[in-house]
Amino acid sequence: MQETIPLSLCNVSKSFGPVRALNNVSLSVRTHEVLGLIGENGAGKSSLLKVLSGIYQPDSGDILVYGQKRTFSNPAAAASAGVGVVHQEQSLVVNLSVAENILMSTRATKSGNKDCKVRFGIYNWRKINEEAAEILKRIGSNINPKSKVEDLSFADRQMVEIAKALQISRQPGVQPIIVLDEPTSVLEDNDIQQLEQEVRRLKEIGSVIFVSHRLDEVMKFCDRICVMRNSEVVGERLTSKVNADELFRLMTGRQAATTSRERNKSLRDSAVVLNLEGLGAKGKFSDISLKVRSGEIHALVGTNRSGREEVCRAVFGAEEFDSGTVRYNGKVVSRPNLRESVYGGVAYLPSERKLESMVAGMSVAENLQLTHRGERASSIFVNPAARRDKAKEWISKLDIRPPIPDADIASLSGGNQQKVVLAKWLEDCQLSLLILDHPTRGIDPGAREDVSTQIFAACEEGAAVLLIADTLEEAISLADTITVMRDGEITATFDLNSGAIPTHAELVAKMI
Amino acid sequence: MLHSDNLISNGHRALVSAGSKPGLKKEWLGPLAALVVVVLILSVLRPSTFLTWENFRAITDQASIPFILAMGASFVILMGCIDLSIEGVMATAALIFVLLSANSVNSVDLGIGAPLIALLAGTLMGLLTGVIHTVFRVPSFMVSLGTWFIGLGIATVLFGDSIPQLSGHLTRTWASASPLGVSNAFVVSVVFVMVAKFVSDNTLMGRFTYAIGADENIASLNAVAVNRHKVYVFALAGFCSALAGVIGSSRLGVGVVDLGSGQLFQTIAAAVIGGTLLSGGRGGVINSICGVLLVVIINNGLILLGVSPVFQRAVSGLVIVVAVVATAFSQRSRLRIVK
Amino acid sequence: MNSPADRSTARLGSADLKVFAPLAVLLILLGIISIFQPSFVSGVGLEILAYQAIPILLLGLGQFGVIQLGRIDLSSATLAVLASVSVAQLLEPLGVFAPVVTILIGAAAGFANGMVISYFQVPSFAVTLGAIGVWQSLSLVIANETTVYVSENRKFIDWLDSLQICGYSAAVFIGLALAVLAWAVTRWTRFGAFVKAMGLNERAAAMSGVPTAVVTVAVFTISGAFAALAGIVLTAQQGTASASGLGVGLLLPSIAATICGGVALTGGVGSALNVIVGSMIIALIPVGSSVVGVDPRYQQIVYGVVIILAVILTIDRTKLKFVK
């Protein structure tokens, strides 16, 4: 029976000093199936992936390939067993062509160069482009192999990554096992459909392991789901026989809390904090008019080409706009400027945390006081001791772990980093507009709740919130108003306080 | 050398929209256009002196050594590193070449062996720079600064008390002889450039250099032996400097320590003006050639125009500034960070 | 994506032992020299060292701010030369104001650098490389292409070199004081926090409201002022100034001094106090070679080797994300 199973792990354990990354983990992948691997951050998913792909070697336990014991001492060994991993981070060389990228990764494998695509170091472009075209066709993509990666859209780049993984793992007599590590974390609904088709195609060729912390997607894509918590596998279920609540419970050990709030019906009389009139930026968005009131959560919903991110960035001053007006607390702001926005009580949480909102290498305390506003706006001096104390306050308020003010922010987990960044903005109580771009992206449900609580609290104190949510469900459960955008224009507005809560389908209809 | 986020390999949406806008199809069109403009201007201003065969000869002679140096420098800069040791390696190679050929100071004459050994020495020095940079993880700026001084030092020790002069007929005249109409030195440099272009576009050496310049981590994830490759490229740069040293001393007829004086500035200026970004991954052979020609022709033009040498440096400097500003002007945006 | 393995190595955001590496290297070098010449440290050795090191320190301090931002100022040494000829020429007409005006000239030059770099969003390496040419030509013009002898009103700058306390000139004390000031600013002012944040992640700093353009221009202006001060000290030390003078060769030693002081070329890391140590290390190499009795012809080789060794030992690799 074992002989028909392409890959299985039996009682695998792995520790790093006192820290246990994997504890007696067993799982198997069958042919032509999509296996979901789900768990919170820190549950052990990435360690498991690293064992599967040969980056880590287990301290104990076995890896079986078609019933035979194998050691994956390096990624090449894993590849020879058919394992190809599409990592969460991009692994393409952007200034080279698609064909070159596919070539580079396959050169490492034993059979990679047997048709002499590269002889004495010299490239045979014809063969290289041909092979790339062939593998791209196999996964149903029409990307031109000669195009440079940096000219490709995000979704296309992911297709190339999948092509690479497939190529690496294409061994004779072996079914490819493609591992997708959080593939949807940066894709929008539109691209996710493309990915769905892709996964179905891969399932016909071999097997797929789909790693995610998003319950709804795992349920959509996978045949079978394996749940991890605290470095162990705590359950395995057939998708058809399980529901989201049970998965949540297995993942977190808690009951699912519906983070929705009571609708505040008295918003109509609140002051208008942000008023956009006919805002437009050539090529990005046009004629955007909306109002956000004090205490309101206004969600912008749409696909990744809808222009909603650009609108938020334009309001904050990170990007330009060329027509229309931005009115902030009644006054016209002709050219929003980063400094003035920050000092005027506007906060912006960008979706790219590592690149745009946290300074790695500086401590938690230093990151917390990066914006010098409010009472500190006019002081030239900085008091490290007072800074540390303030940081301790916020650490306990938001349950930031580890609770060390001098810890380098880069050493915190994603969810904790986001909490620090949020605290940076909340620190000054005079916040009147909070712009949140995917605030809960990449952070696990526990941290997500903490973040949501803080956002609600800011609303209670009068802040207006402009939100780009991670999922439609999140938007529906959190927002007072939903504005739908498509191709840079507003297609619909829903006022949830009036009782008419839109369905998922209604929103999607306006988005595409 | 100093990394900017021009090449954002993560490709996330927000940054793609705020980062570099799609550039020209061919990256060297800008510098080439500038070169054409400069040539036209000089042709109009000084047709009788600029557009002569003698002047063309002079320009090609002037450009020979910079062409060669620019090739080595381009590969290094494409990786995002820098090689400051050019002048030191030139000096060492020059002295070795002269002292091992028929000369006025000793009785050694290794014939063809002399330049070969000099080239080997230069390559080894480049290798040393590369190895120290990769093994000890010291920025190339600092390592090559050290090897620059070491190179000058070796040359000083070899120099001894009196100037070694080449006494062989071939060694003294070969570089300037022009059986093909232009000097042999220029012919060698042009061939070198063509080989370099081929290598950069069609071989592992070239493609991996670009990959490393874009992102070292990603390159290594893609089975590029980054450290080994860097060492090769620095060795190549050492070879180029040595070749320049051999040709230069052959032209001068003597071996002196400050043979390469001023070449570092000129080579880096040429790379910058040509648009090979110092952050790596962008630009290349043609860019650098355009840069060299711009520098050489502008200098030539300044002389023909009778500009006092006092102002030549300012003009060269302003050209560099104008070149980078012009290249970057269309890319300006709110959040663009260039270091 | 933080596994337990990653979390167990939560590091502290600031100080660790590597900060003392430059000092250790300096002490080792002094130790080696003392073996050959035991009276070096107790005799005039340190005073000679200070004399040589002070221009390097001043240039290094200016460079410190620029490098902290992740940029570089290649024109600082040439600016020092410009300042040295300027002050030499200006002493006669302006007397006591000559040094002040010279520093203002330096600051203006730095300001120009900063404005071009910041407004046009162009690489600092390229702009300051070009600036070298411009300052060189200006120097030649101001010096009338000859060596300028300082005769009138010498006293207004002479004191920098001749006023000595315990054998150390006033310039040394000024330099040390400025280094301490720079350190204090980095640690205890908003400006310092801004520079550090910009050096580590300029984009995030900008998105948090840090006035990046203003800070950049300010840092380059300061670098220009320091370069001018270095030039004035050079003129005071030598009594003459020339456009092809000592200053130009100080660029790379001054950058080496900053690096040996543990400052990373990528920015955001390092302490101004260590630049003092770095400049002493760099100045010590030629001085020490002579004292130890190295043949003058070999000194350059020694210089190169020791610089490389010093940098290997002082670079804080844990803070460097990548090495180029």
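**Three chains in a predicted model**

Let me begin with chain B, which holds 15 helices and zero strands, and let me say straight away that what we are looking at is a predicted model.

How does the radius of gyration of chain B agree with that of a compact globule? For 339 residues a compact globule would come out near 20 Å, and chain B has 21 Å, so the value agrees with what such a globule would give. If you follow the principal axes, the C-alpha atoms of chain B fill a box of roughly 70 × 55 × 35 Å. Inside that box, 56% of the 339 residues count as buried, and when we take contacts between residues at least 6 apart in sequence, 79% of them join residues at least 24 apart.

Now please turn to chain C, where the secondary structure comprises 14 helices and four strands. Chain C has 324 residues, for which a compact globule would have a radius of gyration near 20 Å, and because chain C has 20 Å, the two agree. The C-alpha trace of chain C spans about 70 × 50 × 35 Å along its principal axes, and 60% of its 324 residues count as buried. As for its contacts between residues at least 6 apart in sequence, 78% join residues at least 24 apart.

That leaves chain A, which I will describe through its domains. Where do the domains of chain A lie along the sequence? The domain assignment places domain 1 at 91–168 and domain 2 at 269–511, and the centres of domain 1 of chain A and domain 2 of chain A, taken over C-alpha atoms, are separated by 39 Å.

How values were computed:
Residues are numbered from 1 along each chain as its sequence is written. Chains are lettered from A and ligands numbered from 1 in the order in which they are written. This is a predicted model: local features need pLDDT of at least 70, side-chain atom pairs count only at pLDDT 80 or more; totals for chains, interfaces and linings use all residues. Domain bounds come from an automatic or database domain assignment. Helices (H or I, at least four residues) and strands (E, at least two) are DSSP runs, numbered from the N terminus. The radius of gyration is taken over C-alpha atoms; the globule rule is 2.2 Å times the number of residues to the power 0.38. A residue is buried if 20 or more other C-beta atoms lie within 10 Å of its own, exposed if 12 or fewer, and partly exposed in between; C-beta atoms are placed from the backbone. Two residues are in contact if their C-beta atoms, placed from the backbone, lie within 7 Å.
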